[in-house]
Amino acid sequence: MAKKDYYDVLGVSKGATAQEIKKGYRKMAVKYHPDKNPGDTAAEESFKEAAEAYEVLSDDNKKAKYDRYGHAAFDGAGGGGGGFGGGFGGGGMNMDDIFSQFGDIFGGGGGGFGGGGSRQRRVKGSNLRIRVSLTLEEIANGVEKKIKVKRKVQVSGTTYKTCTTCNGSGQVMRVTNTILGRMQTAATCTTCSGAGQQIDKKAAGTDAHGLATSEETVSVKIPAGVVEGMQLKVSGKGNDAPGNGVAGDLLVLIEEEDHANLKREGDNLHYDLYVSFSEAVLGISKEIETVTGKVRIKLDSGIQSGKILRLRGKGIPSVNGYGKGDLLVHVNVWTPQELNKEQKTFFENMQEHENFVPNPNENDKSFFDKVKDMFS
């Protein structure tokens, strides 16, 4: 079934302001809240759908991608926990994620419906960040990386109990006297740091939160076409949270290694091919390197230096799934720099020959025309 338009889900127009988007989400979330619709799976799906729409439209970067590409902007996020772009990836968030991330929408700071705290607050563990360096070949084909990560985890032997200060809500109410009268505000409980639980028994070797450091090998699926600086998210592979909290995420920052012969420009690749003067005159077949293996190309006799050959589809795949870039081969004729007497005599004799006199026609475009054609 095709996914609904996010703006339609929240009942707002495409030009809606951030406040209107938030208001639309709150309206839908209140309508389909699990506490208001117990046991209604359809309402729960609508609740998750509204949260998914708000998660994208409330983020300026994600909203811009969605406005341009629609749901296809986040197609790479689904499956394997290695979603690109931090989106839901087809329902990747569960109910705990929604309440942890958007609890403030209900006015109760992450609790249940109407701010009453009917659902116990669940804090989220801190995120971890790592850098992964990729070759052009890995970027072109996609790759799965096994990465060792040190993360805080819960261990057996540590037990928790309901916080005696906030009674499990994660918040305490404060009353302040103002010139307008008594004002009541909610603040994070300092005893449990908002977790709603405090340590009852701490296992040996754990920190003040009952967590221990553990090294774990995490599999990260990296889609083809990623770019330098892009950040991927592996849900639940950050630090664990104490008590009944949910684990943070592992954020993977992409770095791109330089290639010996290829230069990347967006989804296109550039290759400098050097040929000798005689090869340019006579024509030749040359083998060149691509990100998917070597290919052989034919150079016609009389090819000019500066000629650009386009190998369509031999570039980098679009990370959003919109085809592949091209490989642009730049032909450079290597002029001899040292000649023996016989060679020098030959070229002196040919200097005034009509075939050696430059005579460009309309097909021999200037450098600027070639650049224009390359990007057209």
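Two strands pair if DSSP finds at least two bridges between them, and strands (E, at least two residues) and helices (H or I, at least four) are themselves DSSP runs, numbered from the N terminus. The close-up views below show a predicted model, in which local features need pLDDT of at least 70 and side-chain atom pairs count only at pLDDT 80 or more, while totals for chains, interfaces and linings use all residues. Residues are numbered from 1 along each chain as its sequence is written, and side-chain values use heavy atoms, with hydrogens and water left out.

**The chain as a setting for the close-up views.** Nine helices and 15 strands are found in the chain, and 38% of its 376 residues count as buried (under 20% relative accessible area, against over 50% for exposed and in between for partly exposed, with a 1.4 Å probe and protein chains only). Among contacts (heavy atoms within 4.5 Å) between residues at least 6 apart in sequence, 64% join residues at least 24 apart.

**The open sheet of four strands follows the order E10-E11-E15-E14.** The pairing in this sheet is mixed, and its edges are formed by strand E10 (262–265) and strand E14 (308–311), each of which pairs on one side only. Strand E14 runs antiparallel to strand E15 (residues 327–334) and is joined to it by four bridges. One of the residue pairs to look for is Leu309 with its bridge partner Val329, which lies in E15.

**Gly315 sits in the loop between E14 and E15.** Gly315 counts as buried because its relative accessible area is 5%. Leaving out residues up to four places away in sequence, Gly315 touches Asp267, Leu269, Val291, Gly325, Asp326 and Leu327. Gly225 stands 90 residues from Gly315 in sequence, and their C-alpha atoms are 9.7 Å apart in space.

**A hairpin joins strand E12 to strand E13 through two residues.** Strand E12 (residues 284–290) and strand E13 (residues 293–299) run antiparallel, and seven bridges join them. Within this arrangement, Ser285 has Lys298 of E13 as its bridge partner.

**The open sheet of three strands follows the order E1-E9-E8.** Here too the pairing is mixed, and the edge strands, which each pair on one side only, are strand E1 (128–134) and E8. Seven bridges join E1 to E9, and these strands run parallel; as an example of residues facing one another, Ile130 stands opposite Val252 in E9. Val234 belongs to strand E8 and counts as buried because its relative accessible area is 5%. Although Val234 and Leu250 are 16 residues apart along the chain, their C-alpha atoms are separated by 5.0 Å.

**Asn239 lies in the loop that connects strand E8 (231–234) with strand E9 (250–256).** Asn239 is classed as buried because its relative accessible area is 11%. Its side chain makes a polar contact of 2.8 Å with the side chain of Ser126 (a polar contact being a pair of N or O atoms within 3.5 Å, of which, within protein, one must be able to donate a hydrogen and the other to accept it, and for which residues adjacent in sequence count only if both atoms are side-chain atoms). When residues up to four places away in sequence are not counted, the residues that Asn239 touches are Gly125, Ser126, Leu128, Arg151, Lys152, Ala247 and Gly248.

**Ile222 in the largest nonpolar core.** This core has 39 residues, of which Ile222, Val252, Ile288 and Val329 touch the most other members; a nonpolar core is a set of buried Ala, Val, Leu, Ile, Met, Phe, Trp, Tyr and Cys residues joined through side-chain atoms within 4.5 Å. Apart from residues up to four places away in sequence, Ile222 touches Val132, Leu134, Gly142, Val143, Lys145, Leu232 and Ile254. A second core, separate from this one, has 20 residues, including Ala29, Ala51, Tyr66 and Ala73.

**Helix H3 is capped at its N-terminal end by Asp40.** A side-chain oxygen of Asp40 lies 3.1 Å from the backbone nitrogen of Ala42. Many residues along H3 can be inspected in this view, and among those that are buried are Ala43, Phe47, Ala50, Ala51 and Tyr54.

**Asn167 occupies the loop between strand E3 (159–162) and strand E4 (171–178).** Although Asn167 is not a glycine, it has a positive phi of about 55°. Asn167 counts as exposed because its relative accessible area is 65%.
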